Amino acid sequence: QVQLVESGGGLVQAGGSLRLSCAASGNIVSRSTMGWYRLAPGNQRDLVASITSGGTTKYEDSVKGRFTISRDNAKNTVYLQMNSLKPEDTAVYYCKLMYLGIWGQGTQVTVSS
């Protein structure tokens, strides 16, 4: 069973940056579409960014130009670089192995104004 472990969350001031990591157990990242989701209080879990095995990326409109998804196949890790953070980016961020529907445990991101 593949496991995903996120890290890199924390508290940051508005305008700051964080880089989230999602490490997979097993050589799966290079062959899979991976996604980053976020869940804010009172909201549903929304897809923020995704990357296919071929490297095609997609972003939710509110994060375009600020967030970048990438992966390191040798490390079986997917990243989410988040710049120019806003208070509305505050949420628990989860990575997902899309085709198997496997989720990580989530990492909290809090952006103070």
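Modeller: Let's start with one term: a residue is buried if its relative accessible area is under 20%, exposed if over 50%, and partly exposed in between (1.4 Å probe, protein chains only). What you see above is a predicted model, in which local features need pLDDT of at least 70 and side-chain atom pairs count only at pLDDT 80 or more, while totals for chains, interfaces and linings use all residues. Residues are numbered from 1 along each chain as its sequence is written, and side-chain values use heavy atoms, with hydrogens and water left out.

Biologist: Okay, what makes Ile69 buried?

Modeller: Its relative accessible area is 4%, so Ile69 is buried under the 20% cut-off. Ile69 sits in strand 7 (strands are DSSP runs of E, at least two residues, numbered from the N terminus). Leaving aside neighbours within four places in sequence, Ile69 is in contact (heavy atoms within 4.5 Å) with residues including Met34, Trp36, Ile51, Tyr59 and Leu80. Ala49 is another of those contacts: the two C-alphas are 6.5 Å apart in space, though 20 residues separate them in sequence.

Biologist: Which sheet has strand 7 in it?

Modeller: An open sheet of four strands, in the order 1-3-8-7, with antiparallel pairing.

Biologist: And what makes strand 1 and strand 7 edge strands?

Modeller: Each of them pairs on one side only, and pairing here takes at least two DSSP bridges between two strands. Strand 1 (4-7) and strand 3 have four bridges, so they pass that test. One of the matches puts Leu4 across from Ala24 in strand 3.

Biologist: Which residues of strand 1 are on its covered face, and which on its uncovered one?

Modeller: Leu4 and Glu6 are on the covered face, Val5 and Ser7 on the uncovered one. That fits a general pattern: in a regular strand the side chains alternate between the two faces of the sheet.

Biologist: Why is strand 9 called largely enclosed?

Modeller: Count its residues: six of the seven in strand 9 (residues 91-97) are buried, so the rest of the structure largely encloses this strand.

Biologist: How do you know which strands pair with strand 9?

Modeller: By bridges again. Strand 4 (residues 34-39) pairs with strand 9 over six bridges, antiparallel; strand 11 (residues 107-112) does so over three, also antiparallel; and strand 10 (residues 102-103) is joined to strand 9 by two, running antiparallel. Val92 makes a handy landmark: it stands opposite Leu39, and its bridge partner in strand 11 is Gln108. Further along, Leu97 faces Ile102 in strand 10. In the hairpin of strands 9 and 10, with four residues between them, Gly101 takes a positive phi near 65°.

Biologist: Why is the link of Cys22 and Cys95 called a disulfide?

Modeller: The sulfurs are 1.9 Å apart, and the rule asks for a pair of cysteine sulfur atoms within 2.5 Å, so the pair qualifies. By that rule the count comes to one disulfide. The link brings together distant parts of the chain: Cys22 in strand 3 (residues 18-24) and Cys95 in strand 9 are 73 residues apart. Cys22 is buried at 0%, and Cys95 is buried at 1%.

Biologist: How many salt bridges does a search of the whole structure find?

Modeller: Four.

Biologist: What makes Glu60 and Arg38 one of them?

Modeller: Their closest N and O atoms are 4.0 Å apart; the definition wants a side-chain nitrogen of Lys or Arg within 4 Å of a carboxyl oxygen of Asp or Glu, so the pair counts. Glu60 lies in the loop between strand 6 (57-59) and strand 7, and Arg38 in strand 4, so the salt bridge ties together parts 22 residues apart in sequence. Glu60 is partly exposed at 30%, while Arg38 is buried at 13%.

Biologist: What else does the side chain of Arg38 make polar contacts with?

Modeller: The side chains of Ser62, at 3.3 Å, and Tyr93, at 3.0 Å. Both values meet the cut-off, because a polar contact is a pair of N or O atoms within 3.5 Å (within protein, one must be able to donate a hydrogen and the other to accept it, and residues adjacent in sequence count only if both atoms are side-chain atoms).

Biologist: How do you know that Asp89 and Arg66 form a salt bridge?

Modeller: Their side chains meet at 2.7 Å, N to O. Asp89 is buried at 1%, and Arg66 is buried at 10%. Through shared partners, salt bridges join Arg38, Glu60, Arg66 and Asp89 into one network.
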